[in-house]
Amino acid sequence: MIEVNNISKVYEGNKVLDIDALSIPKGQSFGLVGNNGAGKTTLFSLLLDLIKPTTGSITNNTIVVDESEDWKPFTSSFIDESFLIGYLTPEEYFYFIGDLRGQNKADVDALTSQFEDFFNGEILGKKKYLRDLSKGNQKKAGIVGALIGNPEVIILDEPFANLDPTTQIRLKQIIKELAEKKGVTILVSSHDLMHVTDVSERIVVLEKGEIIKDLETNAATLKELESYFAGNLTAVQEEE
Amino acid sequence: MIKHFLSLEWKQYFRSSYWQKSIALNILLVFFALYFVAVFLVMGFALLPVLKKFFPDQDPFIIINNYFFYWILADIMMRFFFQKLPVMSVKPFLTQPIKRSSVVNFVLGKSAMSFFNFLPLFAIIPFGIMLIIDGYSASVVLTWILLVILITLIINFFNFILESYSAEKELSILPLILIAGSLFALNYFELISFTDLLGSAMTSISNNSILILIPAAVLGLVYVTNYKLLREKLFLDSSLKSKAQEVNASNLEWTKKFGDVAPFMQLDLRLIWRNKRTRSSVFIMVIGLLYGLFFYPQPMYRDMVWFFPFIGIFVTGIFLINFGQFVPAWDSGYYKLLMSQNIKYEQYLKSKFTLMSLSVILLFVLSIPYVFFGWKILIAHFAAAVYNIGVNTHVILLGGSYNRKKIDLNQRAAFNYQGTGAVQWLIGFPLMILPMIIFALINWLVNFEAGIATLIILGILGIVFHNPLMRIITKRYLNSKYKMIDAFSQDT
């Protein structure tokens, strides 16, 4: 589904991302982990054509993302709060996204009603603007907004951050259910190793813009990741 | 402590992307500032001879004092619109060992350093010098200068009191205009002569320097009031207090008539109505509509036919200019969303175009009563409206593609420079001046009808070629996509 070819991004001489090849097949649930500055958000931004690659290209379903916009109808994402429109109510926001994705109000209502548990009664029918919601509730609205219109590729940057424990568990459920549906490719980045191994079939570890590990998730993956990141720590301590 | 604050201010100013990116804008602002300084200097030196020439049998010093009332009214109005209490992000300080009082005093002290407070000095000091040369007693003149400085500072702090009350209310401009208007009217119809009252007060203070303590006391009072107001706000709970704003939801179904631009039209209408910043552009529309009343009632302007299209462009295009110049910055807060969503740029721009065109038509209809001042005015306004729709809308949308400044919608301010780039300043003038020049030229070379016809033809050409023009504009937006995303995702 997604092919990354020789992509790199350089900011003022600093190489922040450098990936020779990465291929994500259709229907895979893909987890991206890495410390701050590892290039996770950069990779997602390149995927969404929000920044221009220095070299290389990314194709999404054989469409080169920075040459054509035809990938947009089947791709959706929630990267950060700047994906929300503060002066709309959550309902209006969902309808707006729905309009853009060819869904009428009834379609959108049908979809959002499935997430009543997830919303925990704090989103719908509250007559509040998105800007007046708490960070966590904004995130919930943004994530559900990214599920409107039956997208085939869903990109979520740090979806677990800022959520309360109950909601984190519910979100894991949602992601798993989506992954079980055939043909939906989900890309999730996270700092929470446990959550990300829980929901992903495959985990890629980025460090300083390069792929360090590429793992099929199994029972031992979490341990391996933990020892890798802990090892990082001891390595730093030894250097000092 | 003050030293730390000052160094923070310095860094904030020079490290903001605002400064680094738009030297042109800063140069322009400096240019404006120098212009005003020059005007005031000339005024200061020229005032005394001019007054002597026109009112040879009156004491110019007394005249000045009598007219000071109008100066104060104008000053308050100007400041209310243009001057804002200096912003300082206080949250980081609250948990540090810093006295709250020193934060407040610093903010207030900084406001006293405003350009608005220095500007009058450029007029009153030369005027004072001229008075002394003319033989007035130096002590009287010096007291007078001190008095004017005190009054300026009183207005400075008084303005912030006004603003802090009006910030909590909607339609905040109206009460101020009403109060200022009624003061003016009371004075004008000589029910209460504030001019004389203030004038004689100023004259007597100047003659008895000890009385200067009275305005000094007033200054102390407004300062303390401000201090108390700010001090109260310096607690986190006042900013954390969730202001659960009731939503005024309407589904805006009627926009469906506009077809595939409907979702964007709905978004734009909500944008305008639900944010203070944009809502103020609706109120400015009302002021703009009345702009013609400054000119048309005066016989002097009624014969200046070449001037009509300028006013016509302004009256029918005030919303166009005010709203259009910040496309696409209005949407800067969620620009990444728009760019990764399944949208056609052309629809997005078309929605803005439709909105602006509708506003021009609406404003033209509302401005029809100007026909009272002559049918030529109505015709000129009509031509200006057509020109606005056909030419200016496209020009302003094109200018928007050069926009690189984020607008934080949640900030209040009628004349907040935030989001205003040098390009916008430059684009605002030709929008009004160019049609005026075209018209004036043809009006002068041929006649009135030919001038009007030219403007209308230009407008119609723009409307006819709307689609190809929009394609060119869309291309420009696409070309600067990454730059815009990058600029809009930066904090100021």
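**Getting to know helix α21(B)**

Reader: Which residues of α21(B) are buried?

Author: Happy to help: this is a predicted model, where local features need pLDDT of at least 70, side-chain atom pairs count only at pLDDT 80 or more, and totals for chains, interfaces and linings use all residues. Residues are numbered from 1 along each chain as its sequence is written, while chains are lettered from A and ligands numbered from 1 in the order in which they are written. A residue counts as buried if 20 or more other C-beta atoms, placed from the backbone, lie within 10 Å of its own, exposed if 12 or fewer, and partly exposed in between. In α21(B), the buried ones are G451(B), I452(B), L455(B), G459(B) and G462(B).

Reader: Why do the buried residues of α21(B) line one face of the helix?

Author: An α-helix has 3.6 residues a turn, so residues three or four places apart point the same way. The arc is taken from the directions from the helix axis to the C-beta atoms. Seen down the axis of α21(B), the buried residues line one face because they fall within an arc of 100°.

Reader: Which residues are exposed on the other side of α21(B)?

Author: Let's turn the helix around. The exposed residues there are E449(B), A450(B) and V464(B).

Reader: Which element of chain B has the highest mean pLDDT?

Author: pLDDT is the predictor's confidence in each residue, from 0 to 100. The lowest mean among the elements of chain B, 50, belongs to helix α12 (residues 236–240) of chain B. The highest, 92, belongs to helix α21 (residues 448–464) of chain B.

Key. Helix = DSSP H or I, 4+ residues; strand = E, 2+ residues; numbered from the N terminus.
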